[in-house]
Amino acid sequence: MSHNEGPRAASAAPLSSGLLGFLAFLAGATVANLYYSQPLLAQIAKSFHVAPGHASLVTVATQIGYAAGLMLIVPLGDGQERKRLIVTTTGLIAGALVLVALSPDLPILLAACLFMGLVTTVPQLLVPYTANLADPTRRGRAVGLVMSGLLVGIIVSRALSGFGAFLGWRAIYAIAAGAMALCAAAAARLLPRQRPSQSATHRDLLRSLVILWRQEPLLRLHAFLGAMGFAAFNTFWTPLVFHYGRLFPGDASRMVGITGFIGVSGALAAPLSGRLSERIGARGINGVFLGLVVLAFLILWKAGDSLLGIGIGAALLDAGVQGSHVSNQTRIYTLGGTIRNRLTALYMTTYFAGGALGSFVGTWAWQEARWPAVCASGAAFALAAQARLFAGRRQ
């Protein structure tokens, strides 16, 4: 199945370093909205006089909305003018955050978070948008830089909401709403228009997802690799707070935040992966980064209770997963410019399904056999990805 580079031709605007920097910032700023709630759940529970378990539904509703947006909104970029779609969804995020901040009770808050997750698909709209703007010889590093911005946004968001918690959870979301309104205005001013090579209805785009999945073995391969990588990532990060709860009673959340800041160094692997994929080949680099994930879990297992060892392992894990992720996207985007939004939708939906599996397995492993089982499970996901990668190479 071959697809041309229509969107690149439809948009003659060059991808300057300033524009690329803004795209990376916008990816991080928008994705951050998905994660502000995690350090604020105790405040939300107290505000509505509900149990912490009920307050955690805020995170669940946000993620469900995000998963729906990946499948329902992201494919629209292959049939609509992309700048308008990005600006509109960024503005809708601002409106959704206002609804979150003003929610009078938990059910309305959950509905607002569901909507907020649904429209916070801007980061996944920006990745194919950037790929279409970039020169083909520099596409990997451009996508890598935007992905770095996304990863930094995820990590920094938890710290910002944690350190700003004294303002109250409603104030955090109100400030975020103002920031998104400014981002929408900036995007409307700075982003070049990017028309698709052909228009298509929403219904036709959604129907074509099934056909695309069946006809593109390269997409299925890298979607599996991405899912296994994100599964390994969540196998570590989800039960980490329980491990720290044993090591640092009463201070586990802060220690997770510190480890997250250490892990942000993994964001540097994204543009590196993109550049190496262009020079050496995405498949070989992918195998190297997946091997780095295995090495990270070996270090985490040996580190045990050592905070320094866990920090080193976390940085290597983030670098390996992020490097593999960018390599996967660089590879699937070679399938053609006219279908990149749909490729992103299918890849990212599979990616987050793997993440959910990793969260479940990591929690189960901790409950059954503590830290060694967590490390073994994470390494197993990475090894499964390597086995599939090398099997595909032989074929």
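Helices, in the sense used here, are DSSP runs of H or I with at least four residues, numbered from the N terminus. With that in hand, the reader can approach this predicted model, whose protein chain has 17 helices and 0 strands. Of the 395 residues in the protein chain, 57% are buried, and among the contacts between residues at least 6 apart in sequence, 84% join residues at least 24 apart.

A good place to begin is helix α10, which spans residues 169–190. Because W169 and Y173 are 4 residues apart in this helix, about one helical turn separates them. Their rings form an aromatic pair of the edge-to-face kind, with 6.3 Å from centre to centre and 80° between the planes, and both W169 and Y173 are buried. Beyond its neighbours within four places in sequence, Y173 is also in contact with Y36, S37, L40, L97, V100, A101 and M116.

Y173 appears again in the nonpolar interior, since the largest nonpolar core has 116 residues and Y173 is listed with L109, F236 and F297 as those with the most contacts inside that core. The largest share of this core, 19 residues, is contributed by α17.

The aromatic pairs in the model come to 10 in total. Another of them joins Y351 and F352, whose ring centres are 6.0 Å apart and whose planes meet at 75°, so this pair is edge-to-face, the planes being over 60 degrees apart. Y351 is buried, as is F352, and these two residues belong, together with Y66, F230, F233 and Y347, to one aromatic cluster.

Helix α17 itself covers residues 340–394, and N341 has its place there. N341 counts as buried because its relative accessibility is 1%, where buried means under 20%. Setting aside residues up to four places away in sequence, N341 touches V74, P75, G77, D78, R82, L125 and P128.

Further along α17 lies R370, a residue other than glycine whose phi has a positive value, near 60°. Most residues other than glycine have a negative phi. With a relative accessible area of 41%, R370 is partly exposed. A second residue of this kind is H49, which is likewise not glycine and has a positive phi, near 55°. H49 lies in the loop between α3 (41–48) and α4 (52–55), and at 73% relative accessibility H49 counts as exposed.

The packing of one helix against another can be followed with α11 (residues 202–215) and α12 (residues 217–247), which pack at an angle of about 90° with their axes 5 Å apart. That angle makes α11 roughly perpendicular to α12. On the α11 side the contact is made by L212, W213, R214 and Q215, and on the α12 side by P217, L219, R220 and A223. By character, the residues of this contact divide into 5 nonpolar, 1 polar and 2 charged.

A last stop is helix α16 (residues 307–332), where L308 is found. L308 is exposed, with a relative accessible area of 65%. Although L308 and I262 are 46 residues apart along the chain, their C-alpha atoms are separated by 9.9 Å.

How values were computed. Residues are numbered from 1 along each chain as its sequence is written. This is a predicted model: local features need pLDDT of at least 70, side-chain atom pairs count only at pLDDT 80 or more; totals for chains, interfaces and linings use all residues. Side-chain values use heavy atoms; hydrogens and water are left out. Axes are lines fitted to C-alpha atoms, for helices over the stretch in contact, and angles run from 0 to 180 degrees between N-to-C directions. Helices (H or I, at least four residues) and strands (E, at least two) are DSSP runs, numbered from the N terminus. Angles under 35 degrees count as roughly parallel, over 145 as roughly antiparallel, 65 to 115 as roughly perpendicular and the rest as oblique. Contact means heavy atoms within 4.5 Å. Ala, Val, Leu, Ile, Met, Phe, Trp, Tyr, Cys and Pro count as nonpolar, Asp, Glu, Lys and Arg as charged, and the others, Gly among them, as polar. Rings of Phe, Tyr and Trp (its six-membered ring) pair if their centres lie within 6.5 Å; planes under 30 degrees apart count as stacked, over 60 as edge-to-face and the rest as tilted. Buried means under 20% relative accessible area, exposed over 50%, partly exposed in between (1.4 Å probe, protein chains only). A nonpolar core is a set of buried Ala, Val, Leu, Ile, Met, Phe, Trp, Tyr and Cys residues joined through side-chain atoms within 4.5 Å.
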